[in-house]
Amino acid sequence: LRITSLRRAAQPPNHIIMSPSYRMLIDGELVASASTFPVLNPATEAVLAECPCADEARVNAAVQAAKRAFPAWAATPMEERRAALRFVKEKLAPRKDEIV
């Protein structure tokens, strides 16, 4: 997936100073990227965050890590997988307004 064009926020540059920047989680490690792209609020065009842009090597590393992790996840009993997803939901719920 490659994004070829994005419109920048109409606000002056000081509007985006507080925009968070994120790293990618690949094979259990937070990995920086060489470049980012802005995540825009569609209603205001304000920059909400800078999202890492994965190059081909990072995408391949993430795919390989997922392939290695899949057998163990697939072998995990359904109730344990359900509990893991509920745990994530409970941790994310208080931050819903930041995410949505």
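These are my notebook entries on a predicted model of a single chain.

**Entry 1: overall layout**

I began with the secondary structure, and I counted three helices and four strands in the chain. Reading from the N terminus, I wrote the order down as β-β-β-β-α-α-α, so that later entries could refer to the elements by name. I then looked up how the surface is made up: the chain exposes about 8400 Å², and carbon and sulfur atoms supply 60% of that area. Of the 100 residues of the chain, 13% count as buried. For the contacts with a separation of 6 or more, I noted that residues 24 or more positions apart account for 50%.

**Entry 2: D27 and its partner**

Next I went through the backbone angles, and D27 came up with a positive phi of about 55 degrees, although D27 is not a glycine. I located D27 in the loop between β1 (24-26) and β2 (29-31), and its relative accessible area of 52% makes D27 exposed. What does the side chain of D27 meet in a salt bridge? I found R68 there, with an N to O distance of 2.8 Å. The pair links distant parts of the chain, since D27 sits in the loop between β1 and β2 while R68 belongs to helix α1 (residues 56-75), 41 residues apart. R68 also counts as exposed, at 52% relative accessibility, because the cut-off for that class is over 50%.

I added E45 to this entry, as E45 too has a positive phi, of about 65 degrees, without being a glycine. E45 lies in the loop between β3 (35-40) and β4.

**Entry 3: the charged network in helix α2**

By the distance rule I counted three salt bridges, and after the D27 to R68 pair I turned to those that involve E79. The side chains of E79 and R82 meet at 2.7 Å, N to O; both residues lie in helix α2, three residues apart, which is about one turn of the helix. The side chain of E79 also meets that of R86 in a salt bridge, for which I recorded 3.8 Å, N to O. This pair still qualifies because the limit is 4 Å. Taken together, E79, R82 and R86 are linked in a network of salt bridges.

How accessible is each member of the network, beginning with E79? E79 is partly exposed, with a relative accessible area of 46%. R82 counts as partly exposed at 34% relative accessibility, and R86 counts as partly exposed at 46%.

**Entry 4: a nonpolar patch**

I then searched the surface for nonpolar side chains that group together, and I found a patch of about 380 Å² made by F87, V88, L92 and I99. Which element gives the most to the nonpolar patch? Helix α2 (residues 78-92) does, with three residues. V88 is one of the patch residues and lies in helix α2. I looked up V88 separately: its relative accessible area of 42% makes V88 partly exposed, and V88 therefore passes the requirement of over 30% for patch members.

**Entry 5: strand β4, E50 and the cysteines**

My last look was at strand β4 (residues 47-53), where E50 is found. Is E50 buried or exposed? At 15% relative accessibility E50 counts as buried, because the cut-off for that class is under 20%. I checked what its side chain touches, and the side chain of E50 makes a polar contact with the side chain of T36, at 2.9 Å.

Searching the whole structure for disulfides, I found zero. C51 is in no disulfide, and the nearest cysteine sulfur, that of C53, is 7.9 Å away. Why is there no bond between C53 and C51? The sulfur of C53 is 7.9 Å from the one in C51, its closest cysteine sulfur, and this is too far for a bond, because a disulfide needs the two sulfur atoms within 2.5 Å. For completeness I recorded the accessibility of both cysteines: C51 is partly exposed, with a relative accessible area of 26%, and C53 is partly exposed as well, with 35%.

Key
Residues numbered from 1 in each chain as written. Predicted model: local features only at pLDDT ≥ 70, side-chain atom pairs only at ≥ 80, totals over all residues. Heavy atoms only, no water. Patch = residues over 30% accessible without salt bridge, like charges linked within 9 Å, V, L, I, M, F, W, Y side chains within 5 Å. Areas by Shrake-Rupley, 256 points an atom, 1.4 Å probe, with all protein chains shown as cover. Helix = DSSP H or I, 4+ residues; strand = E, 2+ residues; numbered from the N terminus. Buried < 20%, exposed > 50% of the residue type's maximum accessible area, 1.4 Å probe, protein only. Polar contact = N/O pair within 3.5 Å; in protein donor to acceptor, adjacent residues only side chain to side chain. Contact = heavy atoms within 4.5 Å.
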